[in-house]
Amino acid sequence: MKKNMGGADRTIRIILALGVGALYYFNVITGTLAYVLLALAVIFVLTSFVSFCPLYTLFGINTCKVKN
């Protein structure tokens, strides 16, 4: 897998995942919505750690800085 996510994308995804986790922990979100958002949060964290987003590949997006 070739990296296609830059540092800003990774940071934003981790912050969003932490936010969803906090909302779930404090019972702000519950039920099916909570489980869907938690699943997305897990996907955000995993894609942030590997710096690769499959959707970016489908749409031809690359926010990773190219090294010369």
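## Notebook: patch, rings and loops

I started with the helices. α1 (7-25) and α2 (31-50) each put at least two residues into the nonpolar patch. Note to self: this is a predicted model.

**Entry 1, the patch.** Which residues make the nonpolar surface patch? I found Met1, Ile14, Leu18, Phe49 and Val50, and together they cover about 580 Å². I then looked up two members one by one. Phe49 belongs to helix α2. Is Phe49 buried or exposed? Its relative accessible area is 62%, so I wrote it down as exposed, the cut-off being over 50%. Ile14 sits in helix α1. At 32% relative accessibility, Ile14 goes into my list as partly exposed.

**Entry 2, aromatic rings.** I wanted to know how many aromatic pairs a search of the whole structure finds. The search turned up one. The partners are Tyr25 and Phe26, and their geometry is edge-to-face. I noted 5.0 Å from centre to centre and 80° between the planes. Edge-to-face fits because the angle is over 60 degrees. Next I checked how the two residues stand towards the outside. Tyr25 has a relative accessible area of 65%, which means exposed. Phe26 comes out at 59% relative accessibility and also counts as exposed.

**Entry 3, a charge over a ring.** Which residue lies over the face of Tyr56? I got Arg13, at 5.4 Å from the ring centre.

**Entry 4, positive phi.** I went looking for backbone oddities and wrote down Asn27 and Ser51. Asn27 has a phi near 55°, which is positive although the residue is not glycine. I placed Asn27 in the loop between α1 and α2. With a relative accessible area of 59%, Asn27 is exposed. For Ser51 I also read a phi near 55°, again a positive value in a residue other than glycine. Where does Ser51 lie? I found Ser51 in the loop between α2 and α3 (54-59). Buried or exposed, then, for Ser51? At 4% relative accessibility it counts as buried, since the limit for that class is under 20%. So my two loop entries part ways on cover: Asn27 is exposed, whereas Ser51 is buried.

**Entry 5, the UniProt record.** I pulled up the record next. The UniProt entry, which is unreviewed, places "transmembrane region" at residues 12-29 and 35-59. I compared both stretches with the model. Over residues 12-29 I noted 78% helix and 0% strand. The end C-alpha atoms of that stretch are 20 Å apart. Over residues 35-59 the chain is 88% helix, again with 0% strand. Here the end C-alpha atoms lie 27 Å apart.

**Entry 6, a few distances.** How far are the C-alpha atoms of Val36 and Val50 separated? I read 22 Å, for residues 14 apart along the chain. Val36 is in helix α2. Its relative accessible area is 46%, so I logged Val36 as partly exposed. Val50 is already in my notes as one of the patch residues. The other distance I took runs from Ile14 to Tyr35. Those residues are 21 apart along the chain, and their C-alpha atoms are separated by 17 Å.

Terms used:
Residues numbered from 1 in each chain as written. Predicted model: local features only at pLDDT ≥ 70, side-chain atom pairs only at ≥ 80, totals over all residues. Heavy atoms only, no water. Phe/Tyr/Trp six-rings, centres within 6.5 Å; stacked < 30°, edge-to-face > 60°. Buried < 20%, exposed > 50% of the residue type's maximum accessible area, 1.4 Å probe, protein only. Lys NZ or Arg CZ within 6 Å of the ring centre and 35° of its normal. Patch = residues over 30% accessible without salt bridge, like charges linked within 9 Å, V, L, I, M, F, W, Y side chains within 5 Å. Areas by Shrake-Rupley, 256 points an atom, 1.4 Å probe, with all protein chains shown as cover. Salt bridge = Lys/Arg side-chain N within 4 Å of Asp/Glu carboxyl O. UniProt positions renumbered as here; feature names shortened; annotations may be inferred.
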